[in-house]
Amino acid sequence: MIKLIATDMDGTFLNAASTYDKEHFSKVLDQLNKKGIVFAAASGRQLLSLQNVFSDFKDQMAFVAENGAIVTYNDEILFEEVMSMDDVKKILDLVSQNERFIGQKILLSGEKGFYIFENSDPDYLEKSKIYYSNLNIIKSLDEVDDKILKLSANLPADYILEFESWLNSRIGDYRAVTTGFEGLDIIPSHINKATGLEKLAEKLNIGPDEIAAFGDNHNDLEMLEYAGHSYAVDNAREKVKSVSENIIGHHDTGAVIDEIEKIIHL
């Protein structure tokens with residue numbers, strides 16, 4: 001029996017416009033709650049952003065945010081992994097050494113908001129508001145008074161996998177993982193969505209075989225391998241499909257909500 005359903009957001013649960021059918025989801029979530037099944041948004045997105053996406057439902061679900069760096073349920077932080085500012089600076093310095101990286105497309109994601117340097121690309125700044133909440137424009141790291149959970153960068157789609165490999169060969173105790181076709185998150189090497197989901201499952205006394213997970217990108221791999229029941233959307237990267245037991249429809253068709261209905265026999 002499934003007791004916990006976790007899904008990635010962008011490219012999986014959300015459509016290309018970063019929205020979802022709220023009326024349909026409301027009905028499904030109501031049934032999940034009646035059956036005692038917990039729904040969790042498991043995303044590379046910032047916690048504040050996820051709570052905004054599910055503003056009408058946030059008190060009825062769990063959040064595994066920042067690729068597992070922070071986990072909340074019933075307004076309680078169950079787990080949190082914070083990056084040191086010294087490490088943040090070292091990573092920023094390393095990233096800037098790559099000749100093909102556009103340094104104006106990187107941000108810091110924290111508990112209270114997100115931080116972009118004042119010389120950032122204007123288009124990137126505007127796009128980041130889709131995925132993050134509470135923008136802070138800074139001149140230097142000295143202005144940041146927050147717990148930083150993740151760095152996120154944007155690169156050309158035809159170079160992002162190469163950059164991911166380049167960075168991971170140099171980054172030490174951290175790792176880079178693609179979160180979209182142009183997005184890359186940088187997090188502690190021991191943190192991923194599976195570690196966050198495991199913290200939530202422990203709190204709920206739920207085993208991996210009682211978990212269903214949905215994903216589309218490389219930052220979903222560990223979560224899909226951890227869950228007893230794994231689903232990749234049709235638009236997922238091939239590596240994600242290869243580790244998933246089930247392939248469902250395209251994210252633009254609302255396939256995840258439809259599949260959840262099948263799981264709970266609606």
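**Stop 1: Ser128**

Select Ser128 and show what surrounds it. Beyond its neighbours within four places in sequence, Ser128 is in contact with Leu107, Phe114 and Ile116. The residue sits in helix α4. Is Ser128 buried or exposed? Its relative accessibility is 4%, so Ser128 counts as buried. Keep in mind throughout that this is a predicted model.

**Stop 2: the largest pocket**

Keep helix α4 in view. It covers residues 122–131, and it supplies at least two residues to the lining of the largest pocket. Now colour β9 (148–154) and β11 (183–188). Each of these strands also supplies at least two lining residues.

How much space lies in the largest pocket? About 600 Å³. The lining counts 32 residues. To find the centre, select Asp10, Tyr131, Thr179, Gly180 and Gly183, the lining residues closest to it. Then colour the lining by class. You should get 9 nonpolar, 15 polar and 8 charged residues.

**Stop 3: Lys150**

Go to strand β9 and pick Lys150. This lysine has a relative accessible area of 0%, so it is buried. Show its side chain. What does the side chain of Lys150 meet at 2.9 Å? The side chain of Tyr132, in a polar contact. Next, add Glu66. A polar contact of 3.1 Å links the side chains of Glu66 and Lys150.

Now widen the selection to the contacts of Lys150, leaving out neighbours within four places in sequence. Among them are Gly44, Arg45, Met83, Leu107, Leu108 and Ser109. Leu107 was on the contact list of Ser128 too. Asn67, Asp185, Ile186 and Ile187 are also in contact with Lys150.

**Stop 4: Glu66 and Asn67**

Follow Glu66 to its place in the chain. It lies in the loop between β3 (62–65) and β4 (70–73). Asn67 is found in that loop as well. Check the backbone here. Glu66 is not a glycine, yet its phi is positive, about 55 degrees. Asn67 also has a positive phi, near 60 degrees, and is likewise a residue other than glycine.

Are these loop residues buried or exposed? Glu66 has a relative accessible area of 1%, so it is buried. Asn67 counts as buried because its relative accessibility is 1%.

**Stop 5: Ile187**

Select Ile187, in strand β11. It counts as buried, because its relative accessibility is 0%. Show its contacts, again setting aside neighbours within four places in sequence. Glu66, Asn67 and Lys150 are among them. So are Leu149, Tyr174, Arg175 and Val177.

For a long view, draw a line from Ile187 to Ser244. The two are 57 residues apart along the chain, and their C-alpha atoms are 23 Å apart.

**Stop 6: Lys241**

Move to helix α8, residues 238–243, and pick Lys241. What does the side chain of Lys241 reach at 2.7 Å? The backbone oxygen of Asp234. Not counting residues up to four places away in sequence, Lys241 touches Ala232, Val233, Asp234, Ala236 and Ile247. Now draw a line to Asn217. This residue is 24 places from Lys241 along the chain, with 9.2 Å between the C-alpha atoms.

**Stop 7: the nonpolar cores**

Turn to the largest nonpolar core. It has 61 residues. Which members touch the most other members? Ile5, Phe13, Phe39 and Phe54.

Pick Phe39 and show what it touches, not counting residues up to four places away in sequence. Ile5, Phe13 and Phe54 are on the list. So are Thr7, Phe25, Leu29, Leu32, Met61, Ala62 and Ile260. Another core lies apart from this one. It has 28 residues, including Leu94, Ile160, Ile171 and Leu184.

**Stop 8: Leu32**

End at a partner of Phe39. Leu32 lies in helix α1, residues 22–34. With a relative accessible area of 0%, Leu32 is buried. Outside the four places on either side in sequence, Leu32 touches Ile5, Ile37, Phe39, Ile260 and Ile264. Finish with one more line, from Leu32 to Met61. They are 29 residues apart in sequence, and 9.9 Å apart from C-alpha to C-alpha.

Note on methods. Residues are numbered from 1 along each chain as its sequence is written. This is a predicted model: local features need pLDDT of at least 70, side-chain atom pairs count only at pLDDT 80 or more; totals for chains, interfaces and linings use all residues. Side-chain values use heavy atoms; hydrogens and water are left out. On a 1 Å grid over the protein atoms alone, a cavity is a set of points where a 1.4 Å probe fits but cannot get out, and a pocket is an open set with protein on both sides within 12 Å along at least five of seven lines; lining residues have an atom within 4 Å of a point. Grid points are joined across faces, edges and corners, and a volume is the space filled by probe spheres set on the points. Helices (H or I, at least four residues) and strands (E, at least two) are DSSP runs, numbered from the N terminus. Ala, Val, Leu, Ile, Met, Phe, Trp, Tyr, Cys and Pro count as nonpolar, Asp, Glu, Lys and Arg as charged, and the others, Gly among them, as polar. Contact means heavy atoms within 4.5 Å. A polar contact is a pair of N or O atoms within 3.5 Å; within protein, one must be able to donate a hydrogen and the other to accept it, and residues adjacent in sequence count only if both atoms are side-chain atoms. A nonpolar core is a set of buried Ala, Val, Leu, Ile, Met, Phe, Trp, Tyr and Cys residues joined through side-chain atoms within 4.5 Å. Buried means under 20% relative accessible area, exposed over 50%, partly exposed in between (1.4 Å probe, protein chains only).
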